[in-house]
Structures are given as structure tokens and as C-alpha cells.
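Biologist: Got a minute to walk me through this one? I'd like to go piece by piece.

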Amino acid sequence: MSAILHVDMDAFFASVALRHRPELWDAPVIVGGAHRSVVLAANYPARSLGISSGMSATAARRMVPGLVTVPPDYDSFSTVSAGVFAIFDSVTDRVERGSIEEAFLDVTGSTRRMGTPREIGEYIRATVADEQQITCSVGIGPTRFVAKVASRQAKPDGLVEVTPAGVADFLHPLRVEELWGIGRSTAEALHSLGVFTVADLARMPRGVLQHTFGPRSGAQLADLAWGRDSRRVTLGAREHSTGASETFGVDTWDPVIIGRELLRMSDRVARRLRASGNLARTVSISIRYSDFSTINRSAVLPTPSDVAGELHEVAVRLFAPLAKRRRKIRRVGVRGEQMVLSDSTYRQPRLTDPEQGWRELEFAIDAASEKFGRASVQRLALLRRPLGTAAGIDPPGTDRAATRVRAPRHG
DNA sequence: TCTGGGGTCCTAGGACCC
DNA sequence: TCTGGGGTCCTAGGACCC
């Protein structure tokens, strides 16, 4: 029987932000909170006043006068995360990264060297606190799913161990929404069936669940009630897509602004694709309207690509029918999907490509950005006040060649 | 001055091929 | 002329997670 640890940092972003600011430890603090944004993380004093991550920062500040807002510092988040994962790696080579602040550790093979799973969990908690000045919680169980639910119950700054024989006793008193994978929609649907606790769920005939949620999801729900988790996640699974999206400061239906934003997002996505050595086979755009309704459109590229201009061309074509609606748009996004490794994929040159293609140009820009900084290289179409004769004449996207390399300020 | 940004996975219908 | 399945790809939408 294997022993899985789920280790989860407590209020990670908030804890890191407050490491060296003890004067704020008892005050309600959130991380995030820029214009039109949400709470990225809230410390426990803020949580006790009803603040939770994901809620509108504006609403949070209205709810708690005197709430302290700290901007996110992603560099320090990454540094602390790397330190924490180094501790995980010292315990076992079977570490599955869940996110920047959580991981599953299979410690089945580490017990001879390091003691019982509980001792290993306490060792990790003590070492993280000592080396990184933040606390974490540990769940221990026979499967990833049980370990994950256990770490939630352990929060904050605790450890919960569930033995194989104790799984049902541990799960059944919980409310269904405390299970990993049951969100608001599923919980509401279960409530309307009279299912509120995991014990209720366990008693529900599998056929009824399958009728309500579909054969596959229904069967999975029935399994979760007993701690059986068929969802497989492989160690170091490849990424399948990469995307970029941004919310406008003010909603707009101006097609020029939207076209330019699609270009900025295409540019980001293409850069990430090149950096990771991938090509996207499919481009999708997502459009969120003022009323928060969101639609997606996708299309297969003529040939897999990591070139901003080629992604943008498809993005614009996908958006064209939507532009006619003249509905105000809140956010646009571009994703590259169905990624394939670029060195294992033959890129058929397009008839319209010049001998030195856009791809080479964009790789050259990557190199210049690397050397002189991102700000030194900007697409002309994206400069807020375009210089020279092109100013304001070309609609965005028609001039994907128009990239201007400015002389770096230094060196 | 409600509601970010980055992802994964599943479902379902239609096209198309055998 | 009518009538099947199965498999795969494409597209749209939605649930969920951090």
C-alpha cells in the first residue's frame, strides 16, 4: 500500500508577503487588489472576517475597512517555492508538482530512510518553517485524492493522516463540497438530489448519479465517496496549451482596440511557445462580455506555428463575426492549443513567406529582448503613440512586420 | 469601484471515412 | 435505394482547480 503526502502552503502568497513584516501578522491582509482584480490570497485574520481568495478586491475592501493590500511579488513567490520544492526533493524523487505552492509526494520508498509517513510530514513542516519562514499543512493518505482532502482538513499549520482502513470514516462526515473535484455546480446539483454529505453520496445508487451527471462523471462521483480516484495524473505530464488574456481597464467594443489587444496576446503566446520549444496546432480566442458571459472560438492553423503574426491572423478571423455584435467586451484572450514539439514537427513553409520569414525575425527579437530587456523591443502597432509616418494609419494586425527595435538605453 | 489569469479535463454534436 | 455501425477530428461550452 502506498503512502502519499499532499503538502500545501498556508495562504502562500500572503505568507510570503508578510514573512518580514511581523507588524502585519495580526492585521487583515490581502495580496492583489489592483483595478478590477480579485483577491489572490488572504491571510487568516482576513479570512476570519469573511475574505476569501477569488472574491473581488473592491468587495473585500468594502467588507473590511482598514484591510491592508499588498501587491504581488512573483519573484519572491518563485524563490520561496523553489526552496520548498528542494526540501521535497530531499525526501523523495517521486514529487508531483501541483502548483507553485503544493505538491504530492509518494513516500512509500522513503520510510526505511526517513521514518513513518507522519514523521516525514512533520519533518517537512518543521524544515519549511525553519528555512522559509512560512507554514504548511500536510495530508497523508493511501491515494492522492485522500491526501488532498486530508491536507485541506489539516489547515492551517497542521497534519492529518488517514489510514487505508480509515478512509470511509474520514470522508463520510464531510460535506460534498469539501471533496476535491466537486465545485459549486456539482454541489448544487447534488443538493437538489438530497445529497449533502459524503455519506449521502456513498448511499446514492450509482445509476442515479450516472443518469444525472453522465456515465463517466456519475461513476467518478460514486467512486470519490469511497476515496477511489480514477483520475490519473502522470508525473511531469506535458503541457497541452498556453494562453494569455487580459481584462480591459474599461469595457470596449472598439475593434481597433480589440484587434491590438489580440495582437499583444498573440505576441505573448508566441513568445512562450518559442521559449518552450513548442508549436500550436490550434488557436482559440476567448471573449468575455460586460455581463460576464464568455464565448470561445477556435480554428486549426494552416501549419503548426509559434509566430505571433500567424496566431494573430487566425485570432482576427475568429473575432470578425463577433465584432458585428457591437457588444461591450471586458476581456480578450488568445490560446495556443494542441501543442507539439517544434523540433519534431516539420513546418511547411507558406508560399507567401519571404525567404527570411517572420519566425526568424521573432526569434531575433527574442534574443534582443533577452539582451536588452523587454521594453527595448516593441511592435510598432502596440506602441501607445506610434512614431513616424505609420502613426494611426494601419489597422492593427495588417502590419505584422512593423516591429521597431529601439536602441537600448544602456550599453 | 463586484467578479484575474493560468491551466486541465469532459461532453456532445457534426463531419468524414471505412 | 436504403441502411448500419465504429473511429477520429473539429468545434463549442462548461466545470473545476490554484
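Modeller: Sure. Keep in mind that this is a predicted model. I'd start with helix α13 (residues 255-276) and helix α14 (residues 308-323), which pack at an angle of about 145°. Their axes are 9 Å apart.

Biologist: Which hand does the crossing of α13 and α14 have, left or right?

Modeller: Right-handed, as α13 passes α14. From α13, the contact uses P255, I258, G259, L262, L263, S266, D267, V269 and A270. From α14 come A308, L311, H312, A315, V316, F319 and A323.

Biologist: How do the residues of that contact divide into nonpolar, polar and charged?

Modeller: The contact of α13 with α14 has 12 nonpolar residues, 3 polar and 1 charged.

Biologist: Now the strands. In what sense do β10 and β11 pair?

Modeller: Antiparallel, over 8 bridges. β10 covers residues 278-289 and β11 covers 294-305. As one point on the ladder, I285 stands opposite R297 in β11.

Biologist: And how many residues sit between the strands of that hairpin?

Modeller: The hairpin of β10 and β11 has 4 residues between its strands. F292 takes a positive phi there, near 80°.

Biologist: Let's turn to the DNA. Which residues come nearest to DNA strand B?

Modeller: R36, S56, R216, T242 and T247, out of 24 residues around strand B. The elements giving two or more residues to that surface are α3 (57-63), α12 (215-224), β9 (242-252) and β12 (329-341).

Biologist: Which of them gives the most?

Modeller: β9, with 6 residues near DNA strand B. By class, the surface near strand B has 14 polar residues, 5 nonpolar and 5 charged.

Biologist: Same question for DNA strand C: which residues are closest?

Modeller: S99, G183, S185, T186 and I295 are the closest, and 18 residues surround DNA strand C. β5 (95-99), α9 (184-192) and β11 each supply at least two residues of that surface.

Biologist: Where does the largest share come from?

Modeller: From β11, which gives 6 residues to the surface near DNA strand C. That is the β11 that pairs with β10 in the antiparallel sense. The surface near strand C divides into 9 polar, 5 nonpolar and 4 charged residues.

Biologist: OK, sheets next. What is the strand order in the sheet of 5 strands?

Modeller: β5-β6-β1-β7-β8, an open sheet with mixed pairing. β5 and β8 (159-161) are the edge strands, each pairing on one side only. The twist averages 15° from one strand to the next.

Biologist: How many bridges join β7 to β8?

Modeller: 3 bridges, and the two strands run parallel. β7 spans residues 136-141. G139 stands opposite V160 in β8.

Biologist: What does α4 touch when it packs on this sheet?

Modeller: α4 touches β1 (4-9), β5 and β6 (102-106). The direction of α4 makes about 5° with that of β6. α6 packs on the sheet too, touching β1, β7 and β8. For α6, the direction makes about 165° with that of β7.

Biologist: At what angle do α4 and α6 cross?

Modeller: Roughly 150°, with axes that come within 10 Å. α4 is residues 74-91 and α6 is residues 117-132. So α4 and α6 are roughly antiparallel to each other. The crossing of α4 past α6 is right-handed.

Biologist: Which residues make the contact?

Modeller: V80, G83, V84, I87 and V91 on the α4 side. On the α6 side, I120, I124, T127, V128, E131 and Q132. The contact of α4 with α6 divides into 7 nonpolar, 3 polar and 1 charged.

Biologist: Last one. What order do the strands take in the sheet of 3 strands?

Modeller: β3-β2-β4, again open and with mixed pairing. The edges are β3 (39-42) and β4 (68-70). Neighbouring strands in this sheet are turned by 30° against each other on average, direction ignored.

Biologist: And how does β2 run relative to β4, parallel or antiparallel?

Modeller: Parallel, with 3 bridges joining β2 (residues 29-32) to β4. V31 has V70 as its bridge partner in β4.

Notes:
Residues are numbered from 1 along each chain as its sequence is written. Chains are lettered from A and ligands numbered from 1 in the order in which they are written. This is a predicted model: local features need pLDDT of at least 70, side-chain atom pairs count only at pLDDT 80 or more; totals for chains, interfaces and linings use all residues. Axes are lines fitted to C-alpha atoms, for helices over the stretch in contact, and angles run from 0 to 180 degrees between N-to-C directions. A crossing is left-handed if the near helix is turned anticlockwise from the far one by less than a right angle, and right-handed if clockwise. Two residues are in contact if their C-beta atoms, placed from the backbone, lie within 7 Å. Ala, Val, Leu, Ile, Met, Phe, Trp, Tyr, Cys and Pro count as nonpolar, Asp, Glu, Lys and Arg as charged, and the others, Gly among them, as polar. Two strands pair if DSSP finds at least two bridges between them. A residue is near a molecule or strand if its C-beta atom, placed from the backbone, lies within 6 Å of it. Angles under 35 degrees count as roughly parallel, over 145 as roughly antiparallel, 65 to 115 as roughly perpendicular and the rest as oblique.
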